Amino acid sequence: MSAKPKPASRPRPAAPAAPSAAEDLNPFHFARRQFERAADHLGLDAGTREVLGNPKRQLTVSIPVKMDDGSVRCFQGYRVQHSIARGPSKGGIRYHPGVTLDEVKALAMWMTWKCAVVNIPFGGAKGGITVDPKAISLSENERMTRRFTSEISIILGPDRDIPAPDVYTNSQTMAWMMDTFSMTKGYSTLGVVTGKPLSVGGSAGRNEATAEGCFVAIEEAAKRMSLPLKGATAAVQGFGNAGSFAAKFLDEAGARVVAVSDTKGAIYDKKGLSIQNLFATKEKKGTVTAVKGERISNEDLLELPVDILVPAALEGVITRRNAPRIQAKIIAEAANGPTTPDADDVLHKKGIVVIPDILANAGGVTVSYFEWVQDLYSFFWDPDMVRTQLQRTIRRSYADVESTAREHDTDLRTGALILAVHRVEEATRIRGIFP
């Protein structure tokens, strides 16, 4: 189905002249650039930069899987632990055909800073398998997950490294991982992963935690800008777990969600989309583009004239090329690394408030921390307690980030990184180098 001509209600600024050199979109390279900016503000020496700028441990594994037709395929998997200076490493597992070691290294580094921003006692880790999960069956997915867990189990543990869901993984994936790890130990180890179903040690509120934390951060930014959420317009790129619930929370606050997208494309309606209809259509037909409205591209969605833009898909979608055309007043990064450093510079000059990923999507790891604590004590909280503690954590962290950014006369991302890197550097320095 071809896209309709774009209506006059969505004018876009003229595109700038093409840059002379291609932008480096390697996620680990721009994670390092972000880190170096914070390190410059903190005056870190070369040795400290080497320690904090590189992962502590990288594990690459081959994952042989017996397929449903009896054949055997080998998939490539990764687990990277960036830091354990402040506690055991923590981070998601993603299944995606674009997974690379550099991507996982970048995500692990961002997890370190994210945990430090919200001041929870974890370091950062990340993992993934290079696979198209839509191209394999549920039973093949289970066998792949269990073999992957077995291969990386040598570095996992409730007191060592705790995975969680990420792109194209979910609570069922975590249940398989927990069961596989437990079978190798001979007893149930609920705390080895988070994001599990409630019946096997999951936490109330974990499923929507990333989006709820993002929404609270949007509330804080809007309040400081005197922007009422009731009547504000919003666009959400990505209708997975984080994006769908972010759209739901914005809708419940009275905002008009005019566009959402998934991997099949985006749907736009300037009058506002029915969130309930989007959930039902996605469940029934597998894509939001089946909803009535104008079909546009994911790229067009980013450039809509809305008050709030929520990139909730993959990294590197807002670049030096399209940043000049971004019109949102607030960008809340529900995804990890959606904005490149070059784009950050453009957005900052335009006066757009970017709530960085290490703050905007920290709700997920915050409630993962709550789940880990509950598992260790075998004492589980009610939903109201989880929600209250989550909101308190994000509001306090937003204030800390804003204060740091103001002190250093910089944007919120650099402020968040300065705050996080300082906390990790302090822990590293106090612990010292062994031996």
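## A walk through the strands and some unusual backbone spots

Let us start with a right-handed β-α-β unit, built from strand 6, helix 7 (residues 241–252) and strand 7. Right-handed here means that, with the strands pointing away from the viewer, the path from the first strand over the helix to the second runs clockwise. Helices (H or I, at least four residues) and strands (E, at least two) are DSSP runs, numbered from the N terminus. Before going on, note that this is a predicted model, in which local features need pLDDT of at least 70 and side-chain atom pairs count only at pLDDT 80 or more, while totals for chains, interfaces and linings use all residues. Residues are numbered from 1 along each chain as its sequence is written, and side-chain values use heavy atoms, leaving out hydrogens and water.

Stay with strand 7 for a moment, which covers residues 256–262. Of its 7 residues, 6 are buried, a word that stands for under 20% relative accessible area, with exposed meaning over 50% and partly exposed in between (1.4 Å probe, protein chains only). Strand 7 runs parallel to strand 6, and 4 bridges join the two; two strands count as paired if DSSP finds at least two bridges between them. Within this pairing, Val 236 stands opposite Val 260. Strand 7 also has strand 8 (residues 265–268) as a partner, antiparallel this time and again with 4 bridges. Here Ser 261 faces Ala 266, and the two strands form a hairpin with 2 residues between them.

Another pairing brings together strand 3 (residues 89–96) and strand 5, which run parallel and are joined by 5 bridges. You can find Ser 89 opposite Asp 161 of strand 5. Strand 5 spans residues 161–165 and is mostly covered, with 4 of its 5 residues buried.

Now for the backbone. Most residues other than glycine have a negative phi, and most peptide bonds are trans. Where, then, does Ser 226 lie? Look in the loop between helix 6 (209–225) and strand 6 (233–237). The phi of Ser 226 is positive, near 55°, and this residue is exposed, with a relative accessible area of 64%. Asp 409 also has a positive phi, of about 50°, although it is not a glycine. Asp 409 sits in the loop between helix 13 (383–407) and helix 14, and its 72% relative accessibility makes it exposed.

Our last stop is Pro 435, in the segment after helix 14 (412–431). The peptide bond leading from Phe 434 to Pro 435 is cis, with omega near 0°.
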